Amino acid sequence: MRAGEQKLKPTTWDSPVDFHSTLESATQAVRDAKSFGDIVAVFSVFSRYGKVISSETPELVASLEQYIERIQSSPRPAADVLYEFAAMARIARNDAALTTVRDASPQNAHILEMAESVIPDEVRKIIVESGASIIQNNFSGIVSKTQELKNLKEELKGLHKGIYSGKFAEITKKINGKIVASLRRDGVFHVPGYIISGIAEGRMEFAKSEIFGEHMDELIKRIAEMKTSLMAQEKADNPEYSALYSRMKSLAKEIEVREEETFESVKKALESVSPVSKEEAQTWATENVYIAPNVARKLKKINYPKEQFINDMAEVYRYLGGKLGPVEFILQKGTRRAFARGRSQICLDSDFNKTTLFHECGHLVEHWDRAALAASLSFIKNRAQGAPKSLKVMTGGCYQPGEKAFPDSFIDPYVGKDYQGEASEVFSMALQQMASPAHLANFIEKDPEHFKLFLGVCARQSPELSQKMRDVERKAKETYADREKAKSDRAELRGPWEKALRNAIPDGFSELLKAQQGFAGYAVLQDARKKSQWTLYQISDDGWWRVLYKSTLPSVTRLAYLHIMNDRRELPVHYETASDATTDFFSFICSDAVPAWFDVEKGLPGLEI
């Protein structure tokens, strides 16, 4: 899941000090100015930006030229590489760097032009073709094998229907009743009878850890032993029933074996194309997965051992070929579901498991790899059967009224969720299938095209992207070390930090954020049901509102201040995008962390409104 976005009417800016990232936007603001004071305000902001961005230009030029060298070395540069290059250039929003690279040679100008012309459909095509190649080289007869699995499941479904209805229904009810009664006599009252019966029938989806607690495995084993004992008694009196049950048990085991074989085949294929070894993945997970103390306590409570958690992160990291940067796990009160924030933070919910872990990691990948996101959005666009519809109506699930999805025969309607081009559920919903052999086999059988896209994204490599991730990991080690140190060494600075925030934010700022057009690209809205909760949105140039945080009004106001000052490059540090800043800013406002860059003597720059 990702924080949702909603469409409001296009934004118009009234404030003359709105931030301008390009010469063109500043020039237009001057043309629209109503007074000389407005013109002075525009250039005072733009000049501050210009001083900082000029210092960043050489590094960006070097990065762009590195891409160009790789593109030039290929006779036919791939669409995904060109698209990734163009996406990086767009996100940088540095006209000086682009002009420098473009003017360096006619060939550079031609490559930039090629990159800007690549469309998402081309990216999807090449990634799907890569996935198809992996299938051809690694999976012999996978289509026929998945069809065989489907036939076995249909047979088992028919047998289930027979044993739980008609002349056998009473026997089944009697056996399950005896199991429940036996457990009740032994003092097991916290597990509902229908859950016990479901497990006795082989429906392991009922085995929820929050119901069974720490004794889950023990109880499931006891239920299985009692079922076997009772079935032996029925064998003499009801041989037909016993034979049917034996066939069901044998068939279920055969299906399980085949699903495991399919899973192992896919796992080996992903490992064969991954540049990351098992040992490297384990080292990465140990060094780059940050688990807050309250998260560790939560994992223990829901019976998800921290050691297993780290192992699962290593597993998914290897499947992804290393396409993850540092990941921080936090708890946030009031969340309905787990969600990913930015490219490096995952918030847990009450029912967090391996499937959810893999799902949220998929969102981080799409945020890092813009080519993967483009392919996912193209996948939805080309499959959609009509306009987005309410997920609540489509599924009957507990979705919010504003959550919509494009309808199609996806593995799950949630795959088509509409984020207005900012994100998708395509890769996340595919990656989570790797947490379960049964789900993976069903995925391959139901949607081969989606499976090919998934494999292609996992296998896609980008030296430039990998280098950026490793750079961020190095910085993260310093950041998290500083943050832990700040909790003790800088605890006394929390008061001055709070005071500096109060002094830097002018009166009336929150009212500007509440206005229909917001302020400087940010706005807040009050929750209709929970009046104490407000949501901070980032407003894009075309009017889309993207959720950044949900918290109290004072907190989101302070978060907005930090984002605006970061956009204006007036903080001692600078984050490239709002998503990059969210993790740190959240910790500075909603936890006890104090920025390592905060200087008591200098305070914080005042916000001009």
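Two strands pair if DSSP finds at least two bridges between them. The model on screen is predicted, and the tour starts with strands that meet this condition.

**Stop 1: strands β8, β9 and β10**

Select residues 522-526, which are strand β8, together with β9; the two pair in the antiparallel sense over 5 bridges. To see one of these pairings, pick Tyr522 and look across to β9, where its bridge partner is Gln538.

Next add residues 544-551, strand β10, which runs antiparallel to β9 and is joined to it by 6 bridges. Tyr537 gives an example here: its bridge partner in β10 is Val547. The connection from β9 to β10 is a hairpin with 4 residues between the strands. Select Gly543 in that turn and check its backbone; phi is positive, at about 95 degrees.

Now colour residues 534-539 by accessibility. Of the 6 residues of β9, 5 are buried, so the strand is largely enclosed by the rest of the structure.

**Stop 2: helix α16**

Move to residues 354-368, helix α16. How far apart are its end C-alpha atoms? They are 21 Å apart, which agrees with the 21 Å that 15 residues should span at 1.5 Å a residue. Burial is extensive here: 13 of the 15 residues are buried, so α16 is largely enclosed by the rest of the structure.

At the start of the helix, show the side chain of Asn353. One of its side-chain oxygens reaches to within 3.2 Å of the backbone nitrogen of Thr355.

**Stop 3: two cysteines**

Select Cys347 and Cys458. Cys347 has 1% relative accessibility and Cys458 has 2%. Both count as buried, because the cut-off is under 20% relative accessible area. A search of the whole structure finds 0 disulfides.

**Stop 4: salt bridges**

Side chains of opposite charge can pair when their charged atoms come close. The whole structure holds 25 salt bridges, and three are worth selecting in turn.

Begin with Glu116 and Arg102, whose closest N and O atoms are 3.4 Å apart. Glu116 lies in helix α5 (residues 106-117) and Arg102 in helix α4 (residues 95-104), so the pair ties together parts that are 14 residues apart in sequence. Glu116 counts as exposed, at 51% relative accessibility, whereas Arg102 counts as partly exposed, at 31%.

Then select Arg258 and Glu148, whose side chains meet in a salt bridge at 2.6 Å, N to O. This pair links distant parts of the chain, with Arg258 in helix α12 (residues 239-273), Glu148 in helix α7 (residues 142-163), and their positions 110 residues apart in the chain. Are these two residues buried or partly exposed? Arg258 is partly exposed, at 26% relative accessibility, and Glu148 is partly exposed, with a relative accessible area of 39%.

The third pair is Asp408 and Arg383, at 2.7 Å from N to O. Asp408 sits in the loop between β7 (404-405) and α19 (426-431), and Arg383 is in helix α17 (residues 370-383); the two are 25 residues apart. Asp408 is buried, and so is Arg383.

Finish by selecting Arg70, Asp80, Glu84, Asp369, Arg460 and Glu464 together. Salt bridges that share partners join these residues into one network.

Methods: Residues numbered from 1 in each chain as written. Predicted model: local features only at pLDDT ≥ 70, side-chain atom pairs only at ≥ 80, totals over all residues. Heavy atoms only, no water. Disulfide = S-S within 2.5 Å. Buried < 20%, exposed > 50% of the residue type's maximum accessible area, 1.4 Å probe, protein only. Expected span 1.5 Å × (residues − 1). Polar contact = N/O pair within 3.5 Å; in protein donor to acceptor, adjacent residues only side chain to side chain. Salt bridge = Lys/Arg side-chain N within 4 Å of Asp/Glu carboxyl O.
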